[in-house]
Amino acid sequence: MSLKLDFFNHIQDGYTTKGDFITMGAAMLDGETITDAHVKIPLKTLNRHGLIAGATGTGKTVTLQVLAENLSEKGIPVLLMDIKGDLSGIAQPGIEKPFITERHKKIGLPFDIKKFPVELLSLSEEKGVRMRATVSEFGPVLLSRILNLSDVQSGILSILFKYCDDKHLPLLDLNDLKKLIQYSTDQGKEELEKEYGRISTSSTGSILRKIVELEQQGADMFFGERSFEPEDLLRLEENGMGYINILRLTDIQDRPKLFSTFMLCLLAEIYTTFPEQGDSDKPKLVIFIEEAHLIFNEATKALLNQIESIIKLIRSKGVGIFFVTQNPTDVPDAVLSQLGLKVQHALRAFTAKDRKAIKLSAENYPLSDYYKTDEVLTSLGIGEAFISALNEKGIPTPLAATMLRAPRSRMGVLNQEEIKEITTNSKLVKKYNETIDRESAYELLNQKILRAEQESAKEKATKEREAIYRTTTTHRTSGNRQRTISRSRTTPNSITKVLTSPTVIRSVLGILGKMFK
(Lines give C-alpha, C1' and ligand atoms only; values in the text may rest on other atoms or scores of the structure.)
Protein backbone atom coordinates (compact mmCIF):
# COMPACT_ATOMS: atom_id res chain seq x y z
CA MET A 1 0.00 0.00 0.00
CA SER A 2 1.40 3.40 -0.99
CA LEU A 3 1.99 6.09 1.64
CA LYS A 4 -0.61 8.35 0.00
CA LEU A 5 -3.32 5.69 0.07
CA ASP A 6 -2.42 4.74 3.61
CA PHE A 7 -2.73 8.38 4.63
CA PHE A 8 -6.08 8.70 2.78
CA ASN A 9 -7.50 5.72 4.69
CA HIS A 10 -6.05 7.11 7.94
CA ILE A 11 -7.96 10.38 7.45
CA GLN A 12 -11.15 8.69 6.24
CA ASP A 13 -11.26 6.41 9.26
CA GLY A 14 -10.39 9.17 11.71
CA TYR A 15 -13.02 11.61 10.43
CA THR A 16 -15.95 9.29 9.80
CA THR A 17 -19.12 10.50 11.54
CA LYS A 18 -22.58 9.06 12.08
CA GLY A 19 -24.31 12.39 12.64
CA ASP A 20 -24.23 15.69 10.79
CA PHE A 21 -20.92 17.49 10.29
CA ILE A 22 -19.07 20.45 8.79
CA THR A 23 -16.44 19.84 6.11
CA MET A 24 -13.43 22.08 6.66
CA GLY A 25 -11.40 20.98 3.63
CA ALA A 26 -9.09 18.15 2.54
CA ALA A 27 -6.01 16.77 4.28
CA MET A 28 -2.52 17.39 2.87
CA LEU A 29 0.56 15.20 2.80
CA ASP A 30 4.02 16.57 1.97
CA GLY A 31 2.41 19.78 0.69
CA GLU A 32 0.01 17.98 -1.67
CA THR A 33 -3.76 18.14 -1.21
CA ILE A 34 -5.29 14.64 -1.08
CA THR A 35 -8.61 14.99 -2.92
CA ASP A 36 -11.66 13.71 -1.04
CA ALA A 37 -9.65 13.14 2.17
CA HIS A 38 -12.19 15.37 3.87
CA VAL A 39 -11.65 16.72 7.35
CA LYS A 40 -15.07 16.73 9.02
CA ILE A 41 -16.10 18.27 12.33
CA PRO A 42 -19.11 16.57 13.99
CA LEU A 43 -21.78 19.12 14.97
CA LYS A 44 -22.28 17.15 18.17
CA THR A 45 -18.83 18.15 19.47
CA LEU A 46 -18.95 21.87 18.71
CA ASN A 47 -20.12 22.71 22.23
CA ARG A 48 -16.69 21.45 23.41
CA HIS A 49 -15.23 24.81 22.39
CA GLY A 50 -12.24 25.52 20.16
CA LEU A 51 -9.22 27.58 19.14
CA ILE A 52 -8.26 29.26 15.87
CA ALA A 53 -4.65 30.45 16.02
CA GLY A 54 -1.93 31.62 13.68
CA ALA A 55 0.34 34.49 12.73
CA THR A 56 -1.03 37.67 11.15
CA GLY A 57 -2.09 37.17 7.54
CA THR A 58 -2.31 33.37 7.59
CA GLY A 59 -6.12 33.18 7.18
CA LYS A 60 -7.62 33.02 10.68
CA THR A 61 -10.46 35.41 9.85
CA VAL A 62 -11.33 33.51 6.66
CA THR A 63 -11.44 30.24 8.65
CA LEU A 64 -13.76 31.90 11.14
CA GLN A 65 -15.95 33.02 8.22
CA VAL A 66 -16.08 29.49 6.76
CA LEU A 67 -17.11 28.04 10.13
CA ALA A 68 -19.79 30.70 10.64
CA GLU A 69 -21.27 30.11 7.16
CA ASN A 70 -21.47 26.35 7.63
CA LEU A 71 -22.96 26.63 11.11
CA SER A 72 -25.62 29.03 9.84
CA GLU A 73 -26.48 26.68 6.99
CA LYS A 74 -26.92 23.86 9.53
CA GLY A 75 -29.43 25.98 11.49
CA ILE A 76 -27.00 26.99 14.27
CA PRO A 77 -26.96 30.70 15.21
CA VAL A 78 -23.55 32.34 15.61
CA LEU A 79 -22.16 35.33 17.51
CA LEU A 80 -18.99 36.85 16.01
CA MET A 81 -16.98 39.51 17.83
CA ASP A 82 -15.58 41.48 14.91
CA ILE A 83 -12.73 43.64 16.21
CA LYS A 84 -11.05 44.31 12.85
CA GLY A 85 -14.30 45.05 11.03
CA ASP A 86 -13.82 42.62 8.12
CA LEU A 87 -16.60 40.08 8.75
CA SER A 88 -19.74 42.04 7.82
CA GLY A 89 -19.38 40.89 4.19
CA ILE A 90 -21.01 37.58 5.19
CA ALA A 91 -24.33 39.35 4.50
CA GLN A 92 -23.51 39.50 0.75
CA PRO A 93 -22.61 36.74 -1.74
CA GLY A 94 -18.98 36.35 -2.69
CA ILE A 95 -17.39 36.30 -6.14
CA GLU A 96 -16.31 33.06 -7.78
CA LYS A 97 -12.75 33.37 -9.05
CA PRO A 98 -10.62 30.84 -10.99
CA PHE A 99 -8.20 30.21 -8.10
CA ILE A 100 -11.14 29.46 -5.77
CA THR A 101 -12.67 27.04 -8.29
CA GLU A 102 -9.31 25.31 -8.66
CA ARG A 103 -8.89 25.13 -4.90
CA HIS A 104 -12.23 23.41 -4.44
CA LYS A 105 -11.48 21.00 -7.26
CA LYS A 106 -8.38 19.86 -5.34
CA ILE A 107 -10.40 19.51 -2.14
CA GLY A 108 -13.20 17.59 -3.90
CA LEU A 109 -16.03 19.98 -2.99
CA PRO A 110 -18.33 21.98 -5.28
CA PHE A 111 -18.31 25.78 -4.88
CA ASP A 112 -21.17 28.23 -5.13
CA ILE A 113 -21.64 31.76 -3.84
CA LYS A 114 -24.22 32.59 -1.19
CA LYS A 115 -25.18 35.27 1.32
CA PHE A 116 -26.22 34.55 4.90
CA PRO A 117 -28.67 36.15 7.35
CA VAL A 118 -26.82 38.76 9.41
CA GLU A 119 -27.69 40.94 12.41
CA LEU A 120 -25.29 43.79 13.23
CA LEU A 121 -24.76 44.51 16.93
CA SER A 122 -22.94 47.36 18.69
CA LEU A 123 -21.69 48.41 22.12
CA SER A 124 -21.12 52.00 21.05
CA GLU A 125 -22.40 54.51 18.50
CA GLU A 126 -21.73 52.12 15.61
CA LYS A 127 -24.82 51.28 13.53
CA GLY A 128 -26.58 48.16 14.73
CA VAL A 129 -28.53 46.71 17.63
CA ARG A 130 -27.42 48.36 20.88
CA MET A 131 -26.35 45.78 23.47
CA ARG A 132 -26.76 46.88 27.08
CA ALA A 133 -27.01 45.36 30.54
CA THR A 134 -28.04 46.88 33.86
CA VAL A 135 -25.67 47.13 36.82
CA SER A 136 -28.08 44.92 38.82
CA GLU A 137 -27.88 42.17 36.19
CA PHE A 138 -24.10 42.34 36.30
CA GLY A 139 -24.12 41.80 40.07
CA PRO A 140 -21.57 42.66 42.78
CA VAL A 141 -19.40 39.54 42.35
CA LEU A 142 -18.71 39.89 38.63
CA LEU A 143 -18.41 43.67 38.90
CA SER A 144 -15.86 43.29 41.71
CA ARG A 145 -13.76 41.01 39.52
CA ILE A 146 -13.91 43.33 36.54
CA LEU A 147 -12.89 46.27 38.75
CA ASN A 148 -10.23 44.16 40.48
CA LEU A 149 -11.49 45.11 43.95
CA SER A 150 -9.98 43.89 47.20
CA ASP A 151 -11.97 41.63 49.53
CA VAL A 152 -12.93 44.62 51.70
CA GLN A 153 -14.05 46.66 48.69
CA SER A 154 -15.98 43.69 47.29
CA GLY A 155 -17.75 43.33 50.64
CA ILE A 156 -18.75 47.01 50.57
CA LEU A 157 -20.07 46.66 47.03
CA SER A 158 -22.16 43.65 48.08
CA ILE A 159 -23.58 45.66 51.01
CA LEU A 160 -24.55 48.50 48.66
CA PHE A 161 -26.29 46.08 46.30
CA LYS A 162 -28.12 44.57 49.30
CA TYR A 163 -29.20 48.04 50.43
CA CYS A 164 -30.67 48.71 46.98
CA ASP A 165 -32.51 45.38 47.05
CA ASP A 166 -33.91 46.11 50.52
CA LYS A 167 -34.97 49.66 49.61
CA HIS A 168 -36.20 48.76 46.10
CA LEU A 169 -33.74 51.09 44.37
CA PRO A 170 -33.09 49.97 40.75
CA LEU A 171 -29.39 49.97 39.83
CA LEU A 172 -29.44 50.49 36.08
CA ASP A 173 -26.37 52.44 35.00
CA LEU A 174 -23.05 53.68 36.39
CA ASN A 175 -24.60 56.99 37.46
CA ASP A 176 -26.85 55.00 39.82
CA LEU A 177 -23.87 53.15 41.25
CA LYS A 178 -21.75 56.28 41.72
CA LYS A 179 -24.63 58.11 43.40
CA LEU A 180 -25.18 55.15 45.73
CA ILE A 181 -21.50 55.10 46.74
CA GLN A 182 -21.50 58.85 47.40
CA TYR A 183 -24.73 58.59 49.41
CA SER A 184 -23.31 55.79 51.56
CA THR A 185 -20.55 58.03 52.93
CA ASP A 186 -22.51 61.30 53.07
CA GLN A 187 -26.23 61.78 53.66
CA GLY A 188 -26.93 58.05 54.08
CA LYS A 189 -23.90 57.23 56.22
CA GLU A 190 -25.81 57.03 59.50
CA GLU A 191 -28.62 54.95 57.97
CA LEU A 192 -26.29 52.39 56.39
CA GLU A 193 -24.04 52.10 59.47
CA LYS A 194 -27.08 51.39 61.63
CA GLU A 195 -28.28 48.53 59.37
CA TYR A 196 -25.11 47.13 57.77
CA GLY A 197 -22.11 48.36 59.74
CA ARG A 198 -19.44 50.96 59.15
CA ILE A 199 -18.38 51.69 55.56
CA SER A 200 -14.86 53.03 55.02
CA THR A 201 -14.69 56.27 53.02
CA SER A 202 -11.22 55.36 51.73
CA SER A 203 -12.59 52.09 50.30
CA THR A 204 -15.57 53.75 48.65
CA GLY A 205 -13.20 56.36 47.19
CA SER A 206 -11.11 53.58 45.61
CA ILE A 207 -14.23 51.93 44.17
CA LEU A 208 -15.35 55.24 42.68
CA ARG A 209 -11.98 55.78 41.00
CA LYS A 210 -12.10 52.33 39.41
CA ILE A 211 -15.63 52.94 38.15
CA VAL A 212 -14.46 56.21 36.58
CA GLU A 213 -11.62 54.29 34.88
CA LEU A 214 -14.18 51.86 33.46
CA GLU A 215 -16.33 54.79 32.32
CA GLN A 216 -13.39 56.29 30.45
CA GLN A 217 -13.25 53.14 28.32
CA GLY A 218 -16.87 53.68 27.29
CA ALA A 219 -18.66 51.40 29.76
CA ASP A 220 -21.29 54.08 30.43
CA MET A 221 -22.68 53.24 26.96
CA PHE A 222 -22.94 49.55 27.87
CA PHE A 223 -24.69 49.85 31.24
CA GLY A 224 -28.35 50.81 31.07
CA GLU A 225 -31.68 49.90 29.54
CA ARG A 226 -33.10 48.34 27.46
CA SER A 227 -31.21 45.26 28.58
CA PHE A 228 -30.30 42.79 25.80
CA GLU A 229 -31.93 39.36 26.06
CA PRO A 230 -29.54 36.52 25.09
CA GLU A 231 -32.44 34.53 23.61
CA ASP A 232 -32.45 37.01 20.71
CA LEU A 233 -29.12 35.52 19.61
CA LEU A 234 -30.89 32.23 18.84
CA ARG A 235 -33.07 33.39 15.97
CA LEU A 236 -33.49 31.41 12.75
CA GLU A 237 -34.44 32.77 9.36
CA GLU A 238 -37.62 31.58 7.64
CA ASN A 239 -35.66 29.01 5.63
CA GLY A 240 -34.15 27.55 8.82
CA MET A 241 -30.71 29.15 8.57
CA GLY A 242 -29.24 30.48 11.79
CA TYR A 243 -28.61 34.21 12.12
CA ILE A 244 -24.95 35.29 12.17
CA ASN A 245 -24.86 38.03 14.81
CA ILE A 246 -21.84 40.28 14.19
CA LEU A 247 -20.80 42.47 17.10
CA ARG A 248 -18.90 45.39 15.57
CA LEU A 249 -16.02 46.33 17.88
CA THR A 250 -13.79 48.33 15.56
CA ASP A 251 -14.09 51.49 17.67
CA ILE A 252 -13.33 49.81 21.01
CA GLN A 253 -10.35 47.60 20.13
CA ASP A 254 -8.13 49.89 22.22
CA ARG A 255 -10.46 49.55 25.23
CA PRO A 256 -10.00 45.94 26.38
CA LYS A 257 -11.68 46.60 29.74
CA LEU A 258 -14.99 47.30 28.02
CA PHE A 259 -14.56 44.30 25.72
CA SER A 260 -13.88 41.88 28.59
CA THR A 261 -16.66 43.45 30.68
CA PHE A 262 -19.18 42.84 27.93
CA MET A 263 -17.98 39.31 27.16
CA LEU A 264 -18.10 38.12 30.76
CA CYS A 265 -21.49 39.71 31.35
CA LEU A 266 -22.91 38.05 28.23
CA LEU A 267 -21.47 34.62 29.07
CA ALA A 268 -22.74 34.86 32.65
CA GLU A 269 -26.21 35.91 31.42
CA ILE A 270 -26.29 33.05 28.88
CA TYR A 271 -25.28 30.55 31.55
CA THR A 272 -27.94 31.88 33.93
CA THR A 273 -30.85 32.07 31.45
CA PHE A 274 -30.31 29.17 29.02
CA PRO A 275 -31.81 25.81 30.09
CA GLU A 276 -29.65 22.71 30.46
CA GLN A 277 -29.27 20.89 27.13
CA GLY A 278 -26.74 18.17 27.91
CA ASP A 279 -25.40 16.17 24.97
CA SER A 280 -27.38 16.93 21.81
CA ASP A 281 -26.92 16.52 18.08
CA LYS A 282 -25.80 20.12 17.65
CA PRO A 283 -25.17 23.24 19.74
CA LYS A 284 -27.82 25.94 20.03
CA LEU A 285 -25.25 28.79 19.77
CA VAL A 286 -21.56 29.14 18.85
CA ILE A 287 -19.57 32.23 19.92
CA PHE A 288 -16.32 33.34 18.27
CA ILE A 289 -14.11 35.74 20.27
CA GLU A 290 -11.65 37.43 17.94
CA GLU A 291 -8.35 38.82 19.29
CA ALA A 292 -8.90 36.81 22.48
CA HIS A 293 -5.54 37.89 23.90
CA LEU A 294 -7.12 41.29 24.65
CA ILE A 295 -9.23 39.57 27.30
CA PHE A 296 -6.56 37.40 28.85
CA ASN A 297 -3.81 40.05 28.88
CA GLU A 298 -5.99 42.39 30.97
CA ALA A 299 -7.55 39.72 33.18
CA THR A 300 -6.79 39.44 36.89
CA LYS A 301 -6.41 36.03 38.52
CA ALA A 302 -9.97 36.22 39.84
CA LEU A 303 -11.24 37.09 36.38
CA LEU A 304 -9.33 34.19 34.80
CA ASN A 305 -10.89 31.84 37.33
CA GLN A 306 -14.32 33.19 36.37
CA ILE A 307 -13.63 32.64 32.66
CA GLU A 308 -12.36 29.12 33.31
CA SER A 309 -15.47 28.27 35.33
CA ILE A 310 -17.80 29.56 32.63
CA ILE A 311 -15.94 27.68 29.88
CA LYS A 312 -16.25 24.43 31.84
CA LEU A 313 -19.94 24.84 32.64
CA ILE A 314 -21.50 26.60 29.68
CA ARG A 315 -21.18 23.67 27.27
CA SER A 316 -24.00 21.93 29.15
CA LYS A 317 -26.22 24.80 27.96
CA GLY A 318 -25.47 23.89 24.34
CA VAL A 319 -23.07 26.78 23.78
CA GLY A 320 -19.66 26.48 22.12
CA ILE A 321 -16.97 29.16 22.50
CA PHE A 322 -14.09 29.59 20.06
CA PHE A 323 -11.08 31.79 20.79
CA VAL A 324 -9.29 33.42 17.85
CA THR A 325 -5.76 34.64 18.55
CA GLN A 326 -2.22 34.66 17.13
CA ASN A 327 -0.55 32.12 19.38
CA PRO A 328 -2.00 29.30 21.51
CA THR A 329 0.17 30.54 24.38
CA ASP A 330 -2.06 33.67 24.47
CA VAL A 331 -4.72 31.45 26.06
CA PRO A 332 -4.15 30.29 29.66
CA ASP A 333 -3.44 26.57 30.06
CA ALA A 334 -6.54 26.07 32.22
CA VAL A 335 -8.72 27.35 29.37
CA LEU A 336 -6.69 25.76 26.56
CA SER A 337 -7.19 22.31 28.11
CA GLN A 338 -10.97 22.71 27.72
CA LEU A 339 -10.87 23.30 23.94
CA GLY A 340 -11.87 20.34 21.75
CA LEU A 341 -11.30 21.74 18.24
CA LYS A 342 -7.95 23.30 17.35
CA VAL A 343 -7.30 24.99 14.01
CA GLN A 344 -3.66 26.08 13.87
CA HIS A 345 -2.50 28.26 10.99
CA ALA A 346 1.18 28.93 10.30
CA LEU A 347 3.45 30.37 12.97
CA ARG A 348 6.54 32.41 12.19
CA ALA A 349 9.92 31.73 13.83
CA PHE A 350 11.80 35.02 13.68
CA THR A 351 13.36 34.88 17.15
CA ALA A 352 14.48 32.31 19.73
CA LYS A 353 11.33 33.12 21.69
CA ASP A 354 9.22 32.36 18.59
CA ARG A 355 10.94 28.98 18.15
CA LYS A 356 10.20 28.08 21.77
CA ALA A 357 6.56 29.11 21.30
CA ILE A 358 6.31 26.88 18.21
CA LYS A 359 7.64 23.87 20.11
CA LEU A 360 5.15 24.50 22.88
CA SER A 361 2.32 24.85 20.33
CA ALA A 362 3.32 21.58 18.64
CA GLU A 363 2.96 19.77 21.96
CA ASN A 364 -0.74 20.74 22.09
CA TYR A 365 -1.52 18.41 19.16
CA PRO A 366 -1.75 14.60 18.88
CA LEU A 367 1.39 12.76 17.76
CA SER A 368 1.42 11.85 14.06
CA ASP A 369 3.36 9.38 11.93
CA TYR A 370 2.90 11.64 8.92
CA TYR A 371 4.08 15.03 10.19
CA LYS A 372 6.90 16.65 12.10
CA THR A 373 4.49 19.06 13.71
CA ASP A 374 6.91 21.83 14.68
CA GLU A 375 8.41 21.89 11.16
CA VAL A 376 5.08 21.87 9.32
CA LEU A 377 3.77 24.68 11.55
CA THR A 378 6.27 27.10 9.98
CA SER A 379 5.70 25.92 6.38
CA LEU A 380 1.89 26.08 6.13
CA GLY A 381 0.62 28.46 3.44
CA ILE A 382 -2.21 30.98 3.57
CA GLY A 383 -5.53 29.16 3.92
CA GLU A 384 -3.84 26.01 5.25
CA ALA A 385 -3.95 24.82 8.85
CA PHE A 386 -3.38 21.91 11.19
CA ILE A 387 -6.70 20.59 12.47
CA SER A 388 -7.37 18.37 15.45
CA ALA A 389 -10.93 17.80 16.65
CA LEU A 390 -12.97 15.40 18.77
CA ASN A 391 -14.96 12.61 17.21
CA GLU A 392 -18.49 11.78 18.34
CA LYS A 393 -17.12 9.65 21.18
CA GLY A 394 -14.96 12.52 22.46
CA ILE A 395 -11.70 10.96 21.18
CA PRO A 396 -9.17 13.26 19.42
CA THR A 397 -9.13 12.84 15.64
CA PRO A 398 -5.90 12.35 13.68
CA LEU A 399 -3.83 15.49 13.15
CA ALA A 400 -4.40 16.77 9.61
CA ALA A 401 -2.63 19.53 7.71
CA THR A 402 -5.65 20.82 5.80
CA MET A 403 -6.31 22.78 2.63
CA LEU A 404 -9.28 24.84 3.85
CA ARG A 405 -12.35 25.53 1.74
CA ALA A 406 -13.09 29.12 0.70
CA PRO A 407 -15.93 31.26 2.03
CA ARG A 408 -19.06 31.49 -0.13
CA SER A 409 -19.89 35.01 1.01
CA ARG A 410 -17.99 38.25 0.43
CA MET A 411 -14.51 38.42 1.93
CA GLY A 412 -14.63 42.07 2.91
CA VAL A 413 -16.74 44.76 4.54
CA LEU A 414 -20.18 46.12 3.73
CA ASN A 415 -20.55 49.65 2.46
CA GLN A 416 -22.66 52.21 4.33
CA GLU A 417 -25.74 51.65 2.13
CA GLU A 418 -25.63 47.89 2.74
CA ILE A 419 -25.25 48.44 6.49
CA LYS A 420 -28.19 50.87 6.45
CA GLU A 421 -30.35 48.30 4.64
CA ILE A 422 -29.64 45.66 7.31
CA THR A 423 -30.30 47.98 10.25
CA THR A 424 -33.46 49.44 8.65
CA ASN A 425 -34.98 45.99 8.20
CA SER A 426 -33.90 44.73 11.62
CA LYS A 427 -36.59 43.89 14.17
CA LEU A 428 -34.02 43.98 16.97
CA VAL A 429 -32.94 47.55 16.16
CA LYS A 430 -36.53 48.66 16.69
CA LYS A 431 -36.63 46.72 19.96
CA TYR A 432 -33.33 47.77 21.56
CA ASN A 433 -32.26 51.13 20.13
CA GLU A 434 -34.76 53.11 22.14
CA THR A 435 -32.97 54.58 25.15
CA ILE A 436 -34.97 54.17 28.35
CA ASP A 437 -34.16 56.40 31.32
CA ARG A 438 -36.71 55.41 33.93
CA GLU A 439 -36.61 56.37 37.59
CA SER A 440 -33.76 54.52 39.26
CA ALA A 441 -31.38 54.76 42.22
CA TYR A 442 -29.87 58.05 41.02
CA GLU A 443 -33.22 59.86 40.93
CA LEU A 444 -34.65 58.14 44.02
CA LEU A 445 -31.58 58.91 46.14
CA ASN A 446 -31.59 62.51 44.93
CA GLN A 447 -35.26 62.76 45.95
CA LYS A 448 -34.43 61.24 49.31
CA ILE A 449 -31.59 63.72 49.82
CA LEU A 450 -33.85 66.61 48.74
CA ARG A 451 -36.57 65.56 51.21
CA ALA A 452 -33.98 65.28 53.98
CA GLU A 453 -32.61 68.73 53.11
CA GLN A 454 -36.12 70.22 53.04
CA GLU A 455 -36.97 68.69 56.42
CA SER A 456 -33.65 69.93 57.79
CA ALA A 457 -34.35 73.40 56.42
CA LYS A 458 -37.84 73.40 57.96
CA GLU A 459 -36.47 72.28 61.30
CA LYS A 460 -33.77 74.96 61.13
CA ALA A 461 -36.34 77.64 60.25
CA THR A 462 -38.57 76.55 63.14
CA LYS A 463 -35.67 76.76 65.56
CA GLU A 464 -34.72 80.18 64.24
CA ARG A 465 -38.30 81.46 64.67
CA GLU A 466 -38.42 80.09 68.22
CA ALA A 467 -35.09 81.76 69.00
CA ILE A 468 -36.33 85.09 67.59
CA TYR A 469 -39.58 84.78 69.57
CA ARG A 470 -37.73 84.10 72.81
CA THR A 471 -35.39 87.02 72.16
CA THR A 472 -38.31 89.37 71.37
CA THR A 473 -40.33 88.28 74.42
CA THR A 474 -37.35 88.73 76.70
CA HIS A 475 -36.68 92.18 75.24
CA ARG A 476 -40.30 93.29 75.71
CA THR A 477 -40.44 92.04 79.31
CA SER A 478 -37.20 93.78 80.12
CA GLY A 479 -38.41 97.01 78.54
CA ASN A 480 -41.66 97.06 80.53
CA ARG A 481 -39.79 96.47 83.74
CA GLN A 482 -37.42 99.33 82.96
CA ARG A 483 -40.30 101.70 82.19
CA THR A 484 -42.04 100.77 85.47
CA ILE A 485 -38.87 101.41 87.42
CA SER A 486 -38.37 104.64 85.54
CA ARG A 487 -41.87 105.84 86.33
CA SER A 488 -41.49 104.91 89.99
CA ARG A 489 -38.23 106.84 90.11
CA THR A 490 -39.23 109.92 88.11
CA THR A 491 -42.65 110.76 89.73
CA PRO A 492 -41.42 111.51 93.32
CA ASN A 493 -38.57 113.63 91.98
CA SER A 494 -41.02 115.86 90.05
CA ILE A 495 -43.29 116.44 93.10
CA THR A 496 -40.28 117.25 95.24
CA LYS A 497 -39.07 119.82 92.74
CA VAL A 498 -42.47 121.49 92.61
CA LEU A 499 -42.95 121.57 96.40
CA THR A 500 -39.49 122.97 97.03
CA SER A 501 -39.72 125.68 94.39
CA PRO A 502 -39.52 129.30 95.78
CA THR A 503 -42.92 130.22 94.31
CA VAL A 504 -44.74 127.43 96.19
CA ILE A 505 -42.89 128.22 99.39
CA ARG A 506 -43.78 131.96 99.19
CA SER A 507 -47.41 131.13 98.48
CA VAL A 508 -47.60 128.75 101.43
CA LEU A 509 -45.93 131.20 103.76
CA GLY A 510 -48.32 133.99 102.59
CA ILE A 511 -51.37 131.84 103.35
CA LEU A 512 -50.03 130.85 106.76
CA GLY A 513 -49.31 134.54 107.60
CA LYS A 514 -52.95 135.56 106.85
CA MET A 515 -54.27 132.75 109.04
CA PHE A 516 -52.39 133.85 112.12
CA LYS A 517 -53.42 137.58 111.96
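**Entry 1: Thr204**

I began with Thr204, which I found in helix α9, residues 201-216. The model I am reading is a predicted one. I looked up the accessibility of Thr204 and noted a relative accessible area of 3%, so this residue is buried. I then listed what Thr204 touches, setting aside neighbours within four places in sequence: the contacts are Ile156, Ile181, Ser184, Thr185 and Ile199.

**Entry 2: the protein as a whole**

I next took the overall figures. I counted 20 helices and 12 strands in the secondary structure. The protein has 517 residues, of which 50% count as buried. For the contacts between residues at least 6 apart in sequence, I noted that 77% join residues at least 24 apart. The exposed surface comes to about 25700 Å², and carbon and sulfur atoms supply 52% of that area.

**Entry 3: helices α5 and α6**

I turned to a helix pair. Two packed helices are described by the angle between their axes and the distance between those axes. I looked up both values for α5 (residues 140-147) and α6 (residues 151-167): the axes come within 9 Å and cross at roughly 145°. I recorded the crossing of α5 and α6 as right-handed.

Which residues of α5 and α6 meet? From α5 I listed Pro140, Leu143 and Ser144, and from α6 Ser154, Leu157, Ser158 and Phe161. Sorting the residues of this contact by kind, I obtained 4 nonpolar, 3 polar and no charged.

**Entry 4: His168**

I then examined the loop between α6 and α7 (174-184), where His168 lies. His168 is not a glycine, yet I read a positive phi of about 55° for it. Is His168 buried or exposed? With a relative accessible area of 66%, His168 is exposed.

**Entry 5: Glu291**

I looked up a second residue with positive phi. Glu291, also not a glycine, has a phi of about 50°. I placed Glu291 in the loop between β8 (285-290) and α12 (293-298). The relative accessibility of Glu291 is 16%, and therefore I entered this residue as buried, the cut-off for that being under 20%.

**Entry 6: Arg130**

I moved to strand β6 (residues 129-130), which contains Arg130. I noted a relative accessibility of 12% for Arg130, so this arginine counts as buried. Leaving aside neighbours within four places in sequence, I found Arg130 in contact with Ser122, Leu123, Ser124, Glu125, Met221, Phe228, Tyr432 and Asn433. I also checked the separation of Arg130 from Tyr432: the two are 302 residues apart in sequence, while their C-alpha atoms are 6.0 Å apart in space.

**Entry 7: Phe228 and the loop between α10 and β7**

I followed the contact of Arg130 with Phe228 to the loop between α10 (219-222) and β7 (244-248), where Phe228 lies. I read a relative accessible area of 7% for Phe228, so I recorded this residue as buried. Not counting residues up to four places away in sequence, Phe228 touches Val129, Arg130, Met131, Arg132, Leu233 and Tyr432. Tyr432 thus appears in my contact lists for both Arg130 and Phe228. For Phe228 and Val129, which stand 99 residues apart along the chain, I noted a C-alpha separation of 9.2 Å.

I looked at the backbone in this loop as well. Arg226 is placed in the loop between α10 and β7, and I found the peptide bond from Glu225 to Arg226 to be cis, with omega near 10°.

**Entry 8: helix α15 and Asp369**

I closed with helix α15, residues 352-362, in which I listed Ala357, Ile358, Ser361 and Ala362 as buried. Why do the buried residues of α15 line one face of the helix? Seen down the axis of α15, they fall within an arc of 135°, so they line one face. On the other side of α15 I found Lys353, Lys356 and Lys359 exposed. I noted α16 (373-377) as part of what covers the buried residues of α15.

Asp369 has its place in the loop between α15 and α16. I read a relative accessible area of 78% for Asp369, so I entered this residue as exposed. My last look-up was the distance from Asp369 to Leu399: the two are 30 residues apart in sequence and 9.5 Å apart in space, C-alpha to C-alpha.

Conventions
Residues numbered from 1 in each chain as written. Predicted model: local features only at pLDDT ≥ 70, side-chain atom pairs only at ≥ 80, totals over all residues. Heavy atoms only, no water. Axes fitted to C-alpha atoms, helices over the stretch in contact; angles between N-to-C directions. Helix = DSSP H or I, 4+ residues; strand = E, 2+ residues; numbered from the N terminus. Left-handed = near helix turned anticlockwise from the far one by under 90°. Contact = heavy atoms within 4.5 Å. Nonpolar A, V, L, I, M, F, W, Y, C, P; charged D, E, K, R; others polar. Buried < 20%, exposed > 50% of the residue type's maximum accessible area, 1.4 Å probe, protein only. Arc of directions from axis to C-beta. Areas by Shrake-Rupley, 256 points an atom, 1.4 Å probe, with all protein chains shown as cover.
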